[in-house]
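Got the viewer open? Load the model, switch on side chains as sticks, and follow along stop by stop.

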Amino acid sequence: MIRLLHTTIFSVFVGLSPLGENVFAVNSPDQNTEVETGPSEEYVFRTINKNVRFSWEPNKRLSWSDFRGVPDRYSNFAATSNTGISHTYTLDAKGYYIKNSSQVRANFYPNLSWYIPKLINETTLAHEQTHFDISELHARILRKAIAEYRFSRNSKSEIQSIYQQVEEARKAMQADFDRETKHSVDRQKEIAWEAHVAQLLYKYRFWAN
């Protein structure tokens, strides 16, 4: 979600193409600069309720009540979960990234997620949960990368590069998951993927929010 911040100086909004990255920044030569990156579906000018989201939690599993979007009547899929990573951070007056200001979240967007009741089965929801888990995995990877990186005065371009690398890896893994499981049709592959993602979440457990 792009937070609408206010300043007496000026505001800048940049919206990129779908599945890319967008940025909303408040810039002032005398103050810190706060930026958030996240799913580009929200570059639409705050279309009603499309910015609703909740973050991944270890003890909360998705339920069908979380899927509130209108199904795509042209889609062949039983369900779609819209997830992504948001990252809020602050730069100091010299352009250096302030690490303790960083907030990385894996988010689920209910009003951009949907299902068709007559097409779902007992494995469909687990498949969508794994999509959310993959986004959480990459949120942890991003947190680790940020913690280990030595930022310079070019922090803005550096963090955008780091974010983009992680985001590209996240999207690639999401696509691999769907392709290899045939969108949950291949049950054996589905079980293997769920175990694989769970193992990776454990591997990066120290980078959980």
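**Stop 1: a loop serine**

Start by selecting Ser113, which sits in the loop between β7 (97-108) and β8 (114-115). Helix and strand names here are DSSP runs numbered from the N terminus, with helices being H or I of at least four residues and strands E of at least two. Before going on, keep in mind that this is a predicted model, where local features need pLDDT of at least 70, side-chain atom pairs count only at pLDDT 80 or more, and totals for chains, interfaces and linings use all residues. Residues are numbered from 1 along each chain as its sequence is written, and side-chain values use heavy atoms, with hydrogens and water left out.

Is Ser113 buried or exposed? Ser113 counts as buried, because its relative accessibility is 0%. The classes run like this: buried is under 20% relative accessible area, exposed is over 50%, and partly exposed is in between, using a 1.4 Å probe and protein chains only. Now show the neighbours: leaving out residues up to four places away in sequence, Ser113 touches Phe67, Arg68, Gly69, Thr80, Ser81, Asn82 and Phe108. Contact here means heavy atoms within 4.5 Å.

**Stop 2: the aromatic cluster**

From that neighbour list, pick Phe108 and add Phe132 to the selection. The two rings form a tilted aromatic pair, 5.6 Å centre to centre with 50° between the planes. Rings of Phe, Tyr and Trp (its six-membered ring) pair if their centres lie within 6.5 Å; planes under 30 degrees apart are stacked, over 60 edge-to-face, and the rest tilted. Phe108 belongs to strand β7 and Phe132 to helix α1, so this pair ties together parts 24 residues apart in sequence. Phe108 and Phe132 are both buried.

Widen the selection to Phe54, Trp64, Phe67, Phe108, Tyr115 and Phe132, and you have a cluster linked by ring pairs. How many aromatic pairs does a search of the whole structure find? The count is 11.

**Stop 3: Phe54 and its lysine**

Stay with Phe54, which stands opposite Phe108 in β7. Strand β4 (residues 54-55) pairs with β7 in the antiparallel sense over two bridges; strands count as paired if DSSP finds at least two bridges between them.

Next, select Lys60, which lies over the face of Phe54 at 4.4 Å from the ring centre. For a charge to sit over a ring, NZ of Lys or CZ of Arg has to be within 6 Å of the ring centre and within 35 degrees of the ring normal. Lys60 also meets Asp66 in a side-chain salt bridge (3.3 Å, N to O). A salt bridge is a side-chain nitrogen of Lys or Arg within 4 Å of a carboxyl oxygen of Asp or Glu. Asp66 is buried at 7% relative accessible area, whereas Lys60 is partly exposed at 32%.

For another charge over a ring, jump to Arg205, which lies over the face of Tyr202 at 3.9 Å from the ring centre.

**Stop 4: the β6-β7 hairpin**

Colour β6 and β7 next: they run antiparallel and are joined by eight bridges. Together they form a hairpin with five residues between them, and Gly95 in the turn has a positive phi of about 95°. To check the register, find His87, whose bridge partner in β7 is Val104.

Then select Ser86 in strand β6 (residues 83-91), which is buried at 2% relative accessible area. What does its side chain reach? One polar contact goes from the Ser86 side chain to that of Asn107 (2.8 Å), and another to that of Arg53 (3.4 Å). A polar contact is a pair of N or O atoms within 3.5 Å; within protein, one must be able to donate a hydrogen and the other to accept it, and residues adjacent in sequence count only if both atoms are side-chain atoms. Ser86 and Asn107 are 21 residues apart along the chain, with their C-alpha atoms separated by 7.2 Å.

**Stop 5: along helix α1**

Finish on helix α1 (residues 124-148), where Arg140 and Glu136 lie four residues apart, about one turn of the helix. They form a salt bridge, with the closest N and O atoms 2.8 Å apart, and both residues are buried.

Move on to Glu148 and Lys144, whose side chains meet in a salt bridge (2.9 Å, N to O). Glu148 is exposed at 51% relative accessibility, and Lys144 is partly exposed at 26%. Salt bridges that share partners also join Glu136, Arg140 and Arg143 into one network. Across the whole structure, a search finds eight salt bridges.
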